[in-house]
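Work through the exercises below with the structure open beside you. Try each task before reading its solution.

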Amino acid sequence: MIDPKHFRTVLGAYPTGVCVITSVDAAGLRTGLVVGSFTSISLDPPLVGFFPDKRSGSWPRIAATGRFCVNVLGADQLDLCRRFASRADDKFAELAHGHSPAGLPLLDNALAWIDCRIERVEDIGDHWLVVGAVEALDSRAGGTPLLFFRGQYHDAVEIAQGV
Ligand SMILES: Cc1cc2nc3c(=O)[nH]c(=O)nc-3n(C[C@H](O)[C@H](O)[C@H](O)COP(=O)(O)O)c2cc1C
């Protein structure tokens, strides 16, 4: 039997980046969810994935749109991370943002964005595995990623400099 607290502590030693998965439905209702579980899966065909918790309120709304946009957060975007990791009804309230080529919410100054069509969803334990077929993507020059490690946020530069 694996103790859940021990599981979280040990897995927290594996650092992740932080992304906001966004989408919008036909009525214009925008949805966003912070994930640390985003990963590149395949180059040919181009596939990426992430693991939403089965208790996520945002995921069913994103799933219904059939699409999502991955917004990779920079170290200076902790405010956006907190906003989209909340369970607020409207996480986009008073937030200006752009749009990806697919028309999905694109957060200003994200380090990278990836437009995807939902290719498949697998039932895995207490999470879903969502696989997205990449339709368009780009990254901006400069910036350092927001990192999550041992339960805390970090700036990659700060870690490199031993701050
Ligand atoms: C750094 C970080 C990483 C997270 N990674 C995930 C994840 O991979 N999958 C997930 O379902 N939730 C993850 N969460 C939690 C969700 O962001 C949070 O539970 C969610 O926003 C709840 O809102 P919802 O009910 O609208 O989905 C993470 C939160 C943080 C702060």
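Four exercises follow, all on a predicted model.

**Exercise 1. The buried side of a helix**

Task: Find which residues of helix H2 (residues 58–65) are buried, and say where they lie around the axis.

Solution:
- Step 1. Apply the cut-off: buried means under 20% relative accessible area.
- Step 2. In H2, Ser-58, Trp-59 and Ile-62 are buried.
- Step 3. These three cover an arc of only 90° around the axis, which puts them on the same side of H2.
- Step 4. Recall the helix geometry: an α-helix has 3.6 residues a turn, so residues three or four places apart point the same way.
- Step 5. Now look at what the buried residues of H2 pack against: six strands can be picked out, among them S2 (19–24), S3 (30–35) and S5 (47–50). Strands S6 (67–72), S9 (112–124) and S10 (127–139) are also packing partners.
- Step 6. Move just past the helix. Gly-66 takes a positive phi of about 75° there.

**Exercise 2. The ligand site**

Task: Identify which residues come nearest to the ligand, and give the polar distances for Ser-56, Ser-58 and Ala-85.

Solution:
- Step 1. There are 18 residues around the ligand. Ser-37, Asp-53, Ser-56, Ser-58 and Arg-87 come nearest.
- Step 2. Take Ser-56. An N or O atom in its side chain is 2.6 Å from an oxygen atom of the ligand.
- Step 3. Take Ser-58, one of the buried residues of H2. A polar side-chain atom of Ser-58 lies 2.5 Å from a ligand oxygen.
- Step 4. Take Ala-85. Here a backbone N or O atom lies 3.5 Å from an oxygen atom of the ligand.
- Step 5. Check the cover. On its own the ligand has 630 Å² of accessible area, and the protein covers 81% of that.

**Exercise 3. A sheet and its edges**

Task: Give the strand order of the open sheet of 3 strands, and name the strands at its edges.

Solution:
- Step 1. The order is S1-S11-S12, with antiparallel pairing.
- Step 2. S1 (16–17) and S12 (152–155) each have a single partner strand, so one side of each is left without a neighbour in the sheet. These are the edge strands.
- Step 3. S11 (residues 146–149) pairs with S12 over 4 bridges.
- Step 4. Trace one bridge: Leu-147 has His-154 in S12 as its partner.

**Exercise 4. A loop glycine**

Task: Locate Gly-103 and decide whether it is buried, partly exposed or exposed.

Solution:
- Step 1. Gly-103 sits in the loop between S7 (98–99) and S8 (105–106).
- Step 2. Its relative accessibility is 30%, so Gly-103 counts as partly exposed.
- Step 3. Compare sequence with space. Gly-103 and Asp-25 are 78 residues apart in sequence, and 10 Å apart in space from C-alpha to C-alpha.

Technical notes:
Residues are numbered from 1 along each chain as its sequence is written. This is a predicted model: local features need pLDDT of at least 70, side-chain atom pairs count only at pLDDT 80 or more; totals for chains, interfaces and linings use all residues. Side-chain values use heavy atoms; hydrogens and water are left out. Buried means under 20% relative accessible area, exposed over 50%, partly exposed in between (1.4 Å probe, protein chains only). Helices (H or I, at least four residues) and strands (E, at least two) are DSSP runs, numbered from the N terminus. The arc is that of the directions from the helix axis to the C-beta atoms. Contact means heavy atoms within 4.5 Å. Two strands pair if DSSP finds at least two bridges between them. A residue is near a molecule or strand if one of its heavy atoms lies within 4 Å of it. A polar contact is a pair of N or O atoms within 3.5 Å; within protein, one must be able to donate a hydrogen and the other to accept it, and residues adjacent in sequence count only if both atoms are side-chain atoms. Accessible areas come from the Shrake-Rupley method with a 1.4 Å probe; for residues, only the protein chains shown count as cover.
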